[in-house]
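Grab a coffee and work through these exercises with the model open beside you. Try each task before reading the solution under it.

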Amino acid sequence: YILSVGMLDERKNSINMLKAFVNVHKKLNKKLVVIGSPRFSEIKNYQIFMYILNKHSDKILHIPYIDKKKEYNLLKSAYLNCAFHYLPSYIETPGISNIEALAFGKNIVVGDCHPVREYFGDHAIYCNPKNTKSIEESLIKCDNMPFYNKENEELVKKNYLYSKIITELVKIYEKIYNE
């Protein structure tokens, strides 16, 4: 299955995420597991999203919420066992779920925006979130990649663990303090 973890709304491009997946489902031969709660600002968009979700419930499994503290093993299992992570947002900075997926050695499909490229460089498959065909092509490309990518896991270990971030933050504060 393909995993998508995050809030479901306009910024996350949730409607096009579902449409693109449905369009290439037969080529992928995988289900989509969506974990997250809807928070659309427009009721019309919520209705469209729910319509697509319900119409394609044989292809898409929606889990509205997983409590990270109480059900950590379930969420961990979702990342460990997925083929890749899919979040074609219009803008991210960079998206915690994308970093979590990379930490499990998973490949990711993300919307192409400057902050995401700054974080992930060549460790992501980028799509134009405004173009459903681009999203579809990125899904197919990612589906042809290995399920595990050690370089993605290493990227997170090297740059995005709290211990690394705190060390760098302390250096910045010390530099400012000593100026």
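## Exercise 1: Two helices side by side

H1 and H2 make a left-handed crossing. This is a predicted model, so treat each value as computed from it.

**Task.** Work out how H1 and H2 are oriented to each other, and which residues make the contact.

**Solution.**

- Step 1: start with the geometry. Two packed helices are described by the angle between their axes and the distance between the axes.
- Step 2: get both values. H1 and H2 pack at about 25°, and their axes are 9 Å apart.
- Step 3: compare with the cut-off. Angles under 35 degrees count as roughly parallel, and H1 and H2 are therefore roughly parallel to each other.
- Step 4: list the contact. H1 brings Ser 14, Ile 15, Leu 18 and Lys 19, while H2 brings Asn 45, Ile 48, Phe 49, Ile 52 and Leu 53.
- Step 5: sort those residues by type. The contact of H1 with H2 has 6 nonpolar, 2 polar and 1 charged.

## Exercise 2: H1 meets another helix

**Task.** Do the same for H1 and H6: what are the angle, the handedness and the residue mix?

**Solution.**

- Step 1: the axes of H1 and H6 come within 9 Å and cross at roughly 45°. That makes H1 oblique to H6.
- Step 2: look at the handedness. The crossing of H1 and H6 is right-handed.
- Step 3: pick out the contact. From H1 come Asn 16, Ala 20, Phe 21, Asn 23, Val 24, Lys 27 and Leu 28, and from H6 come Thr 132, Ile 135, Glu 136, Leu 139, Ile 140 and Asp 143.
- Step 4: sort them. The contact of H1 with H6 splits into 7 nonpolar, 3 polar and 3 charged.
- Step 5: zoom in on Asp 143, which lies in helix H6. Its relative accessible area is 15%, so Asp 143 is buried. Beyond its sequence neighbours within four places, Asp 143 is in contact with Lys 27, Leu 28, Lys 30 and Phe 84.
- Step 6: now try Ser 138, also placed in helix H6. Ser 138 counts as buried at 5% relative accessibility. Leaving out residues up to four places away in sequence, Ser 138 touches Val 109, Ile 125, Tyr 126 and Cys 127.

## Exercise 3: Building the core

**Task.** Which residues of the largest nonpolar core touch the most other members, and which element gives the most to this core?

**Solution.**

- Step 1: recall the background. In soluble globular proteins, nonpolar side chains tend to be buried together.
- Step 2: find the hubs. The largest nonpolar core has 26 residues, and Leu 18, Phe 21, Tyr 86 and Leu 139 touch the most other members.
- Step 3: see where the core comes from. Helices H1 (14-28), H2 (43-55) and H6 (132-143) each supply at least two residues, and so do strands S2 (32-35), S4 (84-87) and S6 (125-127).
- Step 4: H1 gives the most to this core, with 8 residues.
- Step 5: follow one hub. Not counting residues up to four places away in sequence, Leu 18 touches Leu 32, Val 34, Phe 49, Ile 52, Leu 53 and Ile 60.
- Step 6: don't stop at one core. Apart from it lies another core of 23 residues, including Val 33, Cys 113, Phe 120 and Val 156.

## Exercise 4: A covered helix

**Task.** How many residues of helix H4 are buried, and what covers them?

**Solution.**

- Step 1: H4 (residues 96-103) is mostly covered, with 6 of its 8 residues buried.
- Step 2: name them. Ser 97, Asn 98, Ile 99, Glu 100, Ala 101 and Leu 102 are the buried residues of H4.
- Step 3: look around. The cover includes strands S1 (2-5), S4 and S5 (108-111), plus helices H3 (72-81), H5 (114-120) and H7 (150-159).
- Step 4: check the way out. Gly 105 follows H4 and has a positive phi, near 75°.

## Exercise 5: Backbone oddities

**Task.** Asn 13 and Asn 29 each need a verdict: buried or exposed? Then find where the cis peptide bond is.

**Solution.**

- Step 1: know the background. Most residues other than glycine have a negative phi, and most peptide bonds are trans.
- Step 2: Asn 13, in the loop between S1 and H1, has a positive phi of about 60°. With a relative accessible area of 3%, Asn 13 is buried.
- Step 3: Asn 29, in the loop between H1 and S2, has a positive phi of about 55°. With a relative accessible area of 66%, Asn 29 is exposed.
- Step 4: the peptide bond from Thr 93 to Pro 94 is cis, with omega near -10°. Pro 94 sits in the loop between S4 and H4.

Definitions and conventions:
Residues are numbered from 1 along each chain as its sequence is written. This is a predicted model: local features need pLDDT of at least 70, side-chain atom pairs count only at pLDDT 80 or more; totals for chains, interfaces and linings use all residues. Side-chain values use heavy atoms; hydrogens and water are left out. A nonpolar core is a set of buried Ala, Val, Leu, Ile, Met, Phe, Trp, Tyr and Cys residues joined through side-chain atoms within 4.5 Å. Buried means under 20% relative accessible area, exposed over 50%, partly exposed in between (1.4 Å probe, protein chains only). Helices (H or I, at least four residues) and strands (E, at least two) are DSSP runs, numbered from the N terminus. Contact means heavy atoms within 4.5 Å. Axes are lines fitted to C-alpha atoms, for helices over the stretch in contact, and angles run from 0 to 180 degrees between N-to-C directions. Angles under 35 degrees count as roughly parallel, over 145 as roughly antiparallel, 65 to 115 as roughly perpendicular and the rest as oblique. A crossing is left-handed if the near helix is turned anticlockwise from the far one by less than a right angle, and right-handed if clockwise. Ala, Val, Leu, Ile, Met, Phe, Trp, Tyr, Cys and Pro count as nonpolar, Asp, Glu, Lys and Arg as charged, and the others, Gly among them, as polar.
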